[in-house]
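Subject: Structure handover

Hello,

I am passing on a structure for you to look at. Please open it first and then read the notes under it.

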Amino acid sequence: MEQVMESETVVRAKSFGPGRFQTLEQFIIAQQHRFPHATGAFSRLLRDLSVAAKIVNRDIRRAGLLDVFGDTGEVNIQGEQQQKLDLAAHNEFVRALQRGGECCLIGSEEDEHGIILETHPESEGKYIVLFDPLDGSSNIDVNVSVGTIFSIYHLPEGIEPRDVSVEAALQPGVEQVGAGYVIYGSSTMLVYTTGDGVYGFTLEPSIGEFLLSHPRLQTPKQGKLYSINEGNYVWFEEGLKRYIKWMQRNADEPKRPFSTRYIGSFVADFHRNLLKGGIFIYPATAKNPSGKLRLMYEANPMAFIIEQAGGRASDGHTRILEKQPQALHERTGLFIGSEAMVLRAEAFLRDERPPDIL
Ligand code: AHG
Ligand code: MN
Ligand code: MN
């Protein structure tokens, strides 16, 4: 009897304990030890973001049961009007960062001007966090994966948290100190980088912990998937049209035709292509000359992640991470994914027809 109980304990320890999977918190602490001068502020910031992600995950998982589609006109238990889920997600991330005290400035898709936070006397408040609280939110109503995207910067040298203004956020993507996304899919995952590889954690719902499931993610150099809203074809530039036709040809080098996959949730399209290899394109077009996706909290964080995973991201001409932002909500064209695919797309846009285009 004693023996059975002992083996049960061992099995449980193997499934959830550090022997098998590291929790996000354990991983963050282990990483922090690599930097002798770290104060723990960045680790606390990541913890705050992961707590908000768990709350948003809980709300999304109940979206079909709770009346969270649209503005219901109902008043919730706190006396607030029930809000659309992307506003609710925005509020959860703001609250978590406010409580944590490590962030002095927030930029969110759901807030026009940027939010300056009061920092706590006992914390440093030296970080700026930009996020898309709910990406792909139009897919909520039809039970399709959605996500959250975040980007982290240091407050620039010489600015104190109490003097911060939204201009402090207008830094090129190369300055990011961390970036990540959460995908609320068939399982919930948090994927992030701090510039030393990409790590993916899967939420184990029964214990409420993110567990390291995808260490040091790398994306294939050449993929077979392309993801673009082809309904906009008439507005694409000629080089892009030719690139699409090239991907659709029956040929051997590289093996074509490629397959098309497009969910319409950037996080979900990106995540699939990261794991399987592919290119995601949301171009600038004749109709939308600046593209659709936002530079600061959609393109930049994903560009940081894809480069860390061995891939490439540009607007078709310029590396995303080197673009100097002019405004918090500015848009950009985006070509992101497997290196060989993005390089070839860029060549087509330059009108360089590689010899093997047939
Ligand atoms: P959001 O829900 O944050 O506004 O983002 C929607 C974005 C992105 O997730 C997706 O890739 C893109 O919109 C889809 O746009 P189209 O419907 O124009 O293809
Ligand atoms: Mn979005
Ligand atoms: Mn959004």
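The notes below cover the metal site, ligand 1 and the largest pocket.

Please keep in mind that this is a predicted model.

Metal site. Three side chains coordinate the manganese ion (ligand 2): Asp132 and Asp135 through OD, and Glu298 through OE, at 1.9 to 2.2 Å. Along the chain these donors follow the spacing D-x2-D-x162-E. Aspartate 132 also bridges to a second metal, the manganese ion (ligand 3), and the two ions lie 3.8 Å apart. Both aspartate 132 and aspartate 135 are buried.

Ligand 1. There are 16 residues around ligand 1, and those that come nearest are Asp135, Gly136, Asn229, Tyr262 and Tyr282. Asp135 is thus listed both here and among the donors of the manganese ion (ligand 2). Two side chains place an N or O atom by an oxygen atom of ligand 1: tyrosine 262 at 2.5 Å and lysine 292 at 2.9 Å. Leucine 134 contributes through its backbone, where an N or O atom lies 3.4 Å from an oxygen atom of ligand 1.

Largest pocket. Its volume is about 580 Å³. The lining consists of 27 residues, with Phe35, Ala38, Phe42, Tyr127 and His154 nearest the centre. Helix 2 (24-32) and helix 3 (41-61) are the elements that each give two or more residues to this lining. By type, the lining residues are 14 nonpolar, 8 polar and 5 charged.

Regards

Methods:
Residues numbered from 1 in each chain as written. Chains lettered and ligands numbered in written order. Predicted model: local features only at pLDDT ≥ 70, side-chain atom pairs only at ≥ 80, totals over all residues. Heavy atoms only, no water. Donors = N, O, S within 2.8 Å, 3.2 Å for Na, K, Ca; no water. Buried < 20%, exposed > 50% of the residue type's maximum accessible area, 1.4 Å probe, protein only. 1 Å grid on protein atoms, 1.4 Å probe; cavity = no way out; pocket = protein on both sides within 12 Å on 5 of 7 lines; lining within 4 Å. Points joined across faces, edges and corners; volume = space filled by probe spheres on them. Helix = DSSP H or I, 4+ residues; strand = E, 2+ residues; numbered from the N terminus. Nonpolar A, V, L, I, M, F, W, Y, C, P; charged D, E, K, R; others polar. Near = heavy atom within 4 Å. Polar contact = N/O pair within 3.5 Å; in protein donor to acceptor, adjacent residues only side chain to side chain.
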